[in-house]
Every structure is written in C-alpha cells, then in structure tokens.
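Here is a colleague's note for someone meeting this structure for the first time. Please keep the model open while reading, and look up each residue as it is named.

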Amino acid sequence: VTDRVRTEAALRESEARLRTIFDAAPLGIALLDEAGRVLEANAALTAIAGVPGGPALRGTTLDAALEERVFAALHSGEMDAYHTTLRVPRPGGDAV
C-alpha cells in the first residue's frame, strides 16, 4: 500500500508540473486528437488565435497537414515527437 501511495503522489506531482508548463508556456501549445482536432489549447495559443479562452479552439482543426501516418507513428512509439508550423484560424477568417 505504501508503494502505491508514493507512486500516486509522484504521478500527481508530475501531472501538476506538466500542467504548469502547459499553462505558463509563452509558446502556443495544443493537444490534438488523432484527426488533428484541438482537445485543449494553452493561453498563449488562444491569444495568438485571437479567441478568449481555450474552449473556443476545442474541436477545431489546425491547418497542420497532420498525416495519418504521423499520428500512427506517434501512437506506436515509433516517433517521440512531431514539430510543425501551424496556421491558426482567427475570428473573421484570417489566419496567423
């Protein structure tokens, strides 16, 4: 039981550190699903997009040319990370 409690506490601490990094990062960060739709966006990305709050981007697809094979490679562990430049839609139709 003690090992389990320590493991759970370490996991909570790790998740809190990741959340802090995600929220405070000066760069726009988004968590995407397999289809490239936004599940969550940080404040920097919503400021870049010109929309108030993360939920406004939720469900949108960023123009990233995210190929199915890239997501499959990420999911399988064949790739550790994927970096790209995205066009982020803004209200009114333009993009940055």
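The numbered points below go from the model as a whole to particular residues.

1. Confidence in the model. This is a predicted model, and the mean pLDDT of the chain is 82, with 90% of its residues reaching 70 or more. Among the elements of the chain, helix 1 (residues 2-24) has the highest mean pLDDT, at 95, while helix 3 (residues 68-76) has the lowest, at 75. Where pLDDT is low, the predicted coordinates should not be read in detail.

2. Overall layout. The chain holds three helices and two strands, and when it is read along the sequence these elements follow the pattern α-β-β-α-α. Of the contacts in the chain with a separation of 6 or more, 31% are between residues 24 or more positions apart.

3. Surface and burial. The chain has 96 residues, and buried residues make up 21% of them. Its accessible surface comes to about 6,900 Å², and carbon and sulfur atoms account for 57% of that area.

4. The nonpolar core. In soluble globular proteins, nonpolar side chains tend to be buried together. Here the largest nonpolar core consists of eight residues, namely Val-38, Ala-41, Leu-45, Ala-49, Val-51, Leu-57, Leu-62 and Val-88. At least two residues of this core come from strand 2 (38-41), and at least two come from helix 2 (43-49).

5. Leu-57 within that core. Which residues does Leu-57 touch, not counting residues up to four places away in sequence? The residues are Val-38, Ala-41, Leu-45, Thr-46, Ala-49 and Val-51. Val-38, Ala-41, Leu-45, Ala-49 and Val-51 are also members of the largest nonpolar core, whereas Thr-46 is not listed in that core.

6. The salt bridges around Arg-19. The structure holds five salt bridges, and Arg-19, Asp-23 and Glu-40 are linked in a network of such bridges. The side chains of Arg-19 and Asp-23 meet with an N to O distance of 3.2 Å; both residues lie in helix 1, four residues apart, which is about one turn of the helix. Glu-40 forms a salt bridge with Arg-19 as well, and the closest N and O atoms of that pair are 2.6 Å apart. This second pair links distant parts of the chain, since Glu-40 lies in strand 2 and Arg-19 in helix 1, with their positions 21 residues apart.

7. Exposure of the network. Are the members of this network buried, partly exposed or exposed? Arg-19 is partly exposed because its relative accessible area is 36%, and Asp-23 is likewise partly exposed, with a value of 41%. Glu-40, at 25% relative accessibility, also counts as partly exposed.

8. Asp-33 and its surroundings. Asp-33 is placed in the loop between strand 1 (30-32) and strand 2. Its relative accessibility is 13%, which is under the 20% cut-off, and therefore Asp-33 counts as buried. The side chain of Asp-33 reaches the backbone nitrogen of Arg-37 at 2.9 Å, and Asp-33 also forms a salt bridge with Arg-37, in which the closest N and O atoms are 2.9 Å apart. Unlike Asp-33, which is buried, Arg-37 counts as partly exposed, at 38% relative accessibility. Not counting residues up to four places away in sequence, Asp-33 touches Leu-39 and Phe-71.

How values were computed
Residues numbered from 1 in each chain as written. Predicted model: local features only at pLDDT ≥ 70, side-chain atom pairs only at ≥ 80, totals over all residues. Heavy atoms only, no water. pLDDT = per-residue confidence, 0-100. Core = buried A, V, L, I, M, F, W, Y, C linked by side-chain atoms within 4.5 Å. Buried < 20%, exposed > 50% of the residue type's maximum accessible area, 1.4 Å probe, protein only. Contact = heavy atoms within 4.5 Å. Polar contact = N/O pair within 3.5 Å; in protein donor to acceptor, adjacent residues only side chain to side chain. Salt bridge = Lys/Arg side-chain N within 4 Å of Asp/Glu carboxyl O. Areas by Shrake-Rupley, 256 points an atom, 1.4 Å probe, with all protein chains shown as cover.
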